[in-house]
Amino acid sequence: MRASIDRRTVVRGIGAALCSVAAVGCAGPDRPGLDGDDVTGITRLDRLEGDLAIAALANSLENLAIATYVAARERVARGDVGELPPAVAAHIDLAQAHHEDHARAWNGLITGAGRPGVTGVNLTLKTRLEPMLLRARDYVGLATVFSELESITAATYLAGIEAMTNNAAVKIAASIHPVELQHASFLNLVLDRPPLPDSFAKADGARPTTDTVG
Amino acid sequence: MSLSPALPRRHLLVAGGALGAGVALGGGLAVVAPGLRWAQAGGESDIAILQTAMSIERALVDAYRAVSGLAVVAGPQANPTVATIVADASAHHDDHLAAFTDALSRRDGALQNQPSGTVSRLVTQAQSSLTTVGLLVGLLASIETVAAHSYQNAVGLVADSDARTLMAAVAGTEYQHLAVMEVLGALATAGALASLTVGAGARAGLPAGTAAAAAPQSAASTDEARPPGEGAVR
């Protein structure tokens, strides 16, 4: 099940609009890597400055989320994981589409600042999650990986909202943060965990800009 | 110093620094992204915005207390998962009200003890008809929407980073409340509330539509945000 086209169009529009407002040629996501780095190799986010580093971090997490949901679907198709319940299959499609919109929004911000877009995934977090994904043999295993990913991404957004100073970037983060939390709540329902565990969203487990991307 | 003791200050990320000379700041965003409305503050202070938040939260606390004793929540036939969700959300709103009260007190701002009229009217209009889970969560989703949109809007308006973090942390939880209420509504409509058995392990029986009910959009909206100074103590 796909997300409403209106909201997806808006999120894409935010990124594209920032490019046009900046009057800077937007390279788009086809230019991989970060400024000054070997675009085919691993790079560090903290080689960017300030809010750009945070935006790139967010982008790398969105790219990892996309890759994770694609990989999960591929494992199901190969028969490595049992049949998915309808709600989990729907979540995979929906969440992937959302994360694609999120990645486009961040790439729009970054390229609007005259930097190459981030096409790599957050390798530091991938190192932790990939073994879990490969060990998953059923929808519970997959949902557990997704839950971890969505929760860490949400925590990183909250930390970013606190740290960033560019208002456009803050607004992008603020519009995406709740969606990751909604994904996490849904996965809690699937996993029979408390869907509303905390009074306040938390930044615990937020990824830092020292993470690597590749 | 964090304004809310519930939010430990984290500085994991690089702070400060502009994105670059080429990127225009917030004002342009509202013009070029009309589907994502960021209500302009009209110069409202952080205190006024916090007072508005306090009034909204007070109305939510009152609403949850009003529905907690209903048969659909507390009666012998009530679904225990629904009852737990309502109780958890109610407790969260108590914490949110305390956090906004604390934030105002730290800033020597007057406390707003009047509940939001908008939220209160929604409850009053629906209260006598809340005989099913579907009707109950429909009301709760409506008032959570007002809160979530208002606090998310406030994230882009408040000047102080501690206030911004508080608004984002509370908004995030309200959006989770909204997600869960929408899932309950979808289950009620499908006659599938029984799939919410407690303690039975992972739930394979949730209908496909519950995924989109929980997270219908890729970006959170502020369409139903209350004016940021509506609850200001003048």
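Look at helix α5 of chain B and find R121(B), T124(B) and Q125(B): these three are exposed on one side of the helix. Keep in mind that this is a predicted model. Now turn to the other side of α5(B), whose residues run from 117 to 126, and you'll find T118(B), V119(B), V123(B) and A126(B), which are buried. Why do these four end up on the same side? They cover an arc of only 135 degrees around the axis, so they sit together on that side of α5(B). There's a simple bit of helix geometry to remember here: an α-helix has 3.6 residues a turn, so residues three or four places apart point the same way.

What do the buried residues of α5(B) pack against? Their partners are α2, residues 46-68, and α6, residues 133-155, both in chain B. Let's visit each of those in turn.

Start with α6(B), where 19 of the 23 residues are buried, so to speak mostly covered. You can check its length yourself. At 1.5 Å a residue, its 23 residues should span 33 Å, and the C-alpha atoms at its ends are 32 Å apart, which agrees.

Next comes α2 of chain B, the helix where V67(B) has its place. Is V67(B) buried or exposed? Its relative accessibility is 1%, and buried means under 20%, so V67(B) counts as buried. Skipping its neighbours within four places in sequence, V67(B) is in contact with V73(B), V86(B), L130(B), L136(B) and L140(B). For a sense of scale, try A87(B): it is 20 residues from V67(B) in sequence, and the two are 10.0 Å apart in space, C-alpha to C-alpha.

The packing also leaves some gaps to look at. There are two cavities of 30 Å³ or more, and the largest holds about 70 Å³ of space. Among the residues lining that largest cavity are I49(B), T52(B), Y151(B), M167(B) and R226(B). Both α2 and α6 of chain B give two or more residues to this lining, and these are the helices that the buried residues of α5(B) pack against.

Finally, step back to the whole of chain B. How many helices and strands does chain B have? The count is eight helices and zero strands, so to the eye the pattern along the sequence reads α-α-α-α-α-α-α-α. Of its 234 residues, 54% count as buried. Among contacts between residues at least 6 apart in sequence, 82% join residues at least 24 apart. The accessible surface of chain B comes to about 8,800 Å², and 56% of that belongs to carbon and sulfur atoms.

How values were computed. Residues numbered from 1 in each chain as written. Chains lettered and ligands numbered in written order. Predicted model: local features only at pLDDT ≥ 70, side-chain atom pairs only at ≥ 80, totals over all residues. Heavy atoms only, no water. Buried < 20%, exposed > 50% of the residue type's maximum accessible area, 1.4 Å probe, protein only. Contact = heavy atoms within 4.5 Å. Areas by Shrake-Rupley, 256 points an atom, 1.4 Å probe, with all protein chains shown as cover. Arc of directions from axis to C-beta. Expected span 1.5 Å × (residues − 1). 1 Å grid on protein atoms, 1.4 Å probe; cavity = no way out; pocket = protein on both sides within 12 Å on 5 of 7 lines; lining within 4 Å. Points joined across faces, edges and corners; volume = space filled by probe spheres on them.
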